Amino acid sequence: MNRKVMMDKLRSDSKTYDFIIIGGGATGIGIALEASARGYSVVLLEKSDFTKSTSSKATKLLHGGVRYLAQGNIGLVREAVVERGLMLKNAPHITKSQSFIIPTHGLYDEILYTVGLTFYDLLAGKLSLGRSRRISKAKTLERISLINPDKISAGVVYYDGQFDDSRMAINVLQSSVEMGAIALNYCSVDGLIKDSNGNLSGVKVFDEEGDTSFEIKGKQVVNATGVFADDVLQMDSPGAEKTIAPSQGVHLILDKSFLPGDDAITIPKTDDGRVLFLVPWHNKVIVGTTDTPLKQESLEPVALEEEIGFILSTASRYLTKAPKRSDVLSAFAGLRPLAATKGKGNKTKEISRSHKIFTSKSGLLTMVGGKWTTFRKMGEDLVDKAEKNHNWSHVSTKTKHLKIHGYKENVNYDNPLHFYGSDEEPLLELSKQNGWDKSISDSMGVIQAQVVWAVRNEMALNVEDFLARRVRCQLLDAKESVKMAPEVAKIMAKELEKDEAWQTEQVANYLEVTSNYIL
């Protein structure tokens, strides 16, 4: 994924592309994969870095959504558990099956969750990850040693998927590019181009890196900007009705000592009605999430004090080792791009997570809602819609069994480089040059070659791109990542031919952003 090569190709080629996708999060990336796999010409444009906003701040779960089952939304759950199974098969190097235990409070809970989760398993059919079952109180305490014995009567074990969101995005984009797509970060769309009939025919683009503006022609422009979808709709039709109801979800990262063992915990009933998860991830524990409706979307949302307090107090009720503020290694917030519903008084946990596609008068296609687990199906549905709207002959989906870039089976998850999959070998070859096998952080397991690799192959343009999204240090241990920033800046500066002033500015910028992750 060489940015300069793709930018030069885009600037020198006056062709009309089949798809121009605005937005480089899960939604846009899924559409790029689907369209390029079907043989369409594709350009994806992201105004910041890929998955900068919502799509790098997920709970890292591939799941049908147990609470949607409770709400009776069986169709959404069925779709999601099938897609979960496909992702586990198509990208085994960045996905895994994860066992969860629900602590129960009496016989009613035990029957309710055992029956409900057995139905959850059955919905997945052949793609089920394992059968749910009740386990005794003694067995629950054996498997989750730090759970409070006074709070439970027994446990129910079930299985869901887990993944690394930003790494998934990079690998899916690499797959798209291998099939002919052009994908560019730091390229904002600041205007839409229409023909004399008012139909969209292209976009005006500003290259943040090159500080230049240009235009691209396209048959189908797609608004896949998540929580920012209304900004593009306003660009298309000033005064357009609001389609997004953003909701903030916060997660905290704790040391693995708070959840020893391999099982995750699901607490299905919290004070705000949401499910709380405690899940092992990259040798840490991710705890979340909250549900806070917001009036204004932001590229870098900040965890609110009451959200942090809610997570810590809820976790403390169930764990004998109660986490304190000082134990939090990182606190991060993401915004769910929930599709707005008509009327007032809806709690956001009840607003639909199913995706919706709108066709504007100009021909603009906007996708709202959805979630990472169903990103492939979202792409399939949108390309189907574009084919129908343009009367193009239908091309069937090619992504259900498409192996994602980096595909590698039998991954050792204890290996700090496991998430590179088949790229690990060439990365290690690179590390033999110039002393790039030296460690940047022993606790994070990051070596210098990873920085060089990210610049050359994964379109990392600055320190934050690398520390937050090419490796996950910002989320896993914010303070440690700040210590790593100067060395990362130095290596990147050499690769990108930047001076010392750039390095100083990069470190300062990274500290400013990451200070919001440190409690």
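Helices, as the word is used for α16 and the others on this tour, are DSSP runs of at least four residues, numbered from the N terminus. The model on display is a predicted one.

**The whole chain**

Begin with the entire protein chain in a cartoon view. The protein chain holds 16 helices and 20 strands. Turn the view along the principal axes: the C-alpha atoms fill a box of roughly 70 × 55 × 40 Å. The radius of gyration is 23 Å, which agrees with the value near 24 Å that a compact globule of 519 residues would have.

Next, show the surface. The protein chain exposes about 20600 Å², and carbon and sulfur atoms supply 51% of that area. Of the 519 residues, 60% are buried. Contacts may be displayed as well: among those between residues at least 6 apart in sequence, 71% join residues at least 24 apart.

Colouring by charge is a useful further step. The protein chain carries 66 positive and 65 negative charges, and the mean positions of these two sets are 6 Å apart.

**Helix α16 and Gln506**

Select residues 500-514, which form helix α16, and then pick out Gln506 within this helix. Is Gln506 buried or exposed? Gln506 counts as buried because its relative accessibility is 11%, and the cut-off for buried is under 20%. Add Asn462 and Val463 to the selection; Gln506 touches both, when residues up to four places away in sequence are not counted.

**Helix α5 and Tyr120**

Move now to residues 107-123, helix α5, where Tyr120 has its place. With a relative accessibility of 1%, Tyr120 also counts as buried. Which residues is Tyr120 in contact with, leaving aside its neighbours within four places in sequence? Select His63, Gly64, Gly65, Val66 and Leu69, then Val77, Val81 and Arg84, and lastly Tyr158, Tyr159 and Asp160: Tyr120 is in contact with each of these.

A distance label may be drawn here from Tyr120 to Ile74. These two residues are 46 residues apart in sequence, while their C-alpha atoms are 9.1 Å apart in space.

**Two cysteines**

Finish with Cys187 and Cys473. Cys187 is buried, with a relative accessible area of 1%. Cys473 is likewise counted as buried, at 2% relative accessibility. How many disulfides are there? With a disulfide taken as a pair of cysteine sulfur atoms within 2.5 Å, the count comes to zero.

Key:
Residues numbered from 1 in each chain as written. Predicted model: local features only at pLDDT ≥ 70, side-chain atom pairs only at ≥ 80, totals over all residues. Heavy atoms only, no water. Helix = DSSP H or I, 4+ residues; strand = E, 2+ residues; numbered from the N terminus. Rg over C-alpha atoms; globule rule 2.2 N^0.38 Å. Buried < 20%, exposed > 50% of the residue type's maximum accessible area, 1.4 Å probe, protein only. Contact = heavy atoms within 4.5 Å. Areas by Shrake-Rupley, 256 points an atom, 1.4 Å probe, with all protein chains shown as cover. Lys, Arg positive; Asp, Glu negative; His and termini not counted. Charge placed at Lys NZ, Arg CZ, Asp CG, Glu CD.
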